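Got the viewer open? Keep a hand on the mouse and follow along, one selection at a time.

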Amino acid sequence: MTSIAENIRSIRERMDRAARAAGRDPSEVLLVGASKMNDAAACQAAIAAGIDALGENRVQEMTAKLAEGAYDGAPLHFIGHLQRNKVRQVVGRVALIQSVGSLALLEEIDRRAAQLGIVQRILLEVNIGEEPSKSGFASGE
């Protein structure tokens, strides 16, 4: 079985080759590991091996791992769909929310961040193709 450190090393090598082939500086590319369904020890092993950030997509799992110090030493991103009723548990606890695809969710995040006196970094999902979608701001919105 391949270790977390070996996997990260292998991925870094492939990222380096791909970045250079595209004329990019490999240090500009962020390696975010999806830590879902991994325990705190695995998260800490990934951090020790040099992962740039960890991403969690379940609020309950994120909260439990935060209490265990799983993400200490690396930025935490919330990845996947965030429900408005879970915003309170996420805003201010993560470095970045990936991604926000509705005005209602954006407003809730902004409201919670204002209460905390912070700016919450997000990635905004925009549907520029105006394709039918349950999420994603249309280009005219």
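Before we start, one definition: helices here are DSSP runs of type H or I with at least four residues, strands are runs of type E with at least two, and both are numbered from the N terminus. That is how to read a name such as α3 on this tour. Also bear in mind that you are looking at a predicted model.

**Stop 1: the whole chain**

Start with everything selected and colour by secondary structure. The protein chain has five helices and seven strands. Trace them from the N terminus and you get the order α-β-α-β-α-β-α-β-α-β-β-β. Along its principal axes, the C-alpha trace spans about 45 × 40 × 25 Å.

Now switch on the surface. The protein chain exposes about 8,700 Å², and carbon and sulfur atoms supply 50% of that. Of the 141 residues, 33% count as buried. As for contacts between residues at least 6 apart in sequence, 40% of them join residues at least 24 apart.

**Stop 2: helix α3 and its two sides**

Select residues 59–67, which make up helix α3. Which residues of α3 are buried? Show side chains for V59, E61, M62 and K65: those are the ones. They cover an arc of only 160° around the axis, so they sit on the same side of α3. Here is a bit of background: an α-helix has 3.6 residues a turn, so residues three or four places apart point the same way.

Turn to the other side of α3 and pick out Q60 and A67, which are exposed. Then go back to the buried residues and show what surrounds them. They pack against α2, β2 (53–56), β3 and α4.

Before leaving, click on G69, just after α3. What is the sign of its phi? G69 takes a positive phi of about 75°.

**Stop 3: the loop before α4**

Next, select the loop between β3 (76–79) and α4 (87–90), where you will find K86. Is K86 buried, partly exposed or exposed? It has 28% relative accessibility, so K86 counts as partly exposed, a class that runs from 20% to 50%. Draw a distance from K86 to Q60, which you met on α3: their C-alpha atoms are separated by 9.4 Å, though the two residues are 26 apart along the chain.

Stay in this loop and pick Q83, which also lies between β3 and α4. Q83 is partly exposed too, with a relative accessible area of 40%. Draw another distance, this time from Q83 to R9: the C-alpha atoms are separated by 34 Å, and the residues are 74 apart along the chain.

**Stop 4: the largest pocket**

Where should you point the camera now? Select I4, I8, G33, A34 and A46, the lining residues that lie nearest the centre of the largest pocket. The full lining has 15 residues, and the space inside is about 270 Å³.

Colour the elements around the pocket. α1 (4–21), β1 (32–34) and α2 (40–48) each supply at least two lining residues. Which element gives the most? That is α1, with four residues. Now colour the lining by chemistry: 11 residues are nonpolar, four are polar and none is charged.

While you are at α1, click on E6, which has its place in that helix. E6 counts as partly exposed, at 37% relative accessibility. Its C-alpha is 8.4 Å from that of A49, with their positions 43 residues apart in sequence.

**Stop 5: three backbone spots**

Move to the loop between β1 and α2 and select M37. Its phi is near 65°, a positive value in a residue other than glycine. M37 counts as exposed because its relative accessibility is 67%, and the cut-off is over 50%.

Next, find S99 in strand β4 (residues 96–100). Look at the peptide bond that joins Q98 to S99: this bond is cis, with omega near -5°.

Finish in strand β6 (residues 126–127) by selecting N127. Buried or exposed? N127 counts as buried, at 13% relative accessibility. For a last distance, go from N127 to A19: they are 108 residues apart in sequence and 27 Å apart in space, C-alpha to C-alpha.

Definitions and conventions: Residues are numbered from 1 along each chain as its sequence is written. This is a predicted model: local features need pLDDT of at least 70, side-chain atom pairs count only at pLDDT 80 or more; totals for chains, interfaces and linings use all residues. Side-chain values use heavy atoms; hydrogens and water are left out. Buried means under 20% relative accessible area, exposed over 50%, partly exposed in between (1.4 Å probe, protein chains only). On a 1 Å grid over the protein atoms alone, a cavity is a set of points where a 1.4 Å probe fits but cannot get out, and a pocket is an open set with protein on both sides within 12 Å along at least five of seven lines; lining residues have an atom within 4 Å of a point. Grid points are joined across faces, edges and corners, and a volume is the space filled by probe spheres set on the points. Ala, Val, Leu, Ile, Met, Phe, Trp, Tyr, Cys and Pro count as nonpolar, Asp, Glu, Lys and Arg as charged, and the others, Gly among them, as polar. Contact means heavy atoms within 4.5 Å. Accessible areas come from the Shrake-Rupley method with a 1.4 Å probe; for residues, only the protein chains shown count as cover. The arc is that of the directions from the helix axis to the C-beta atoms.
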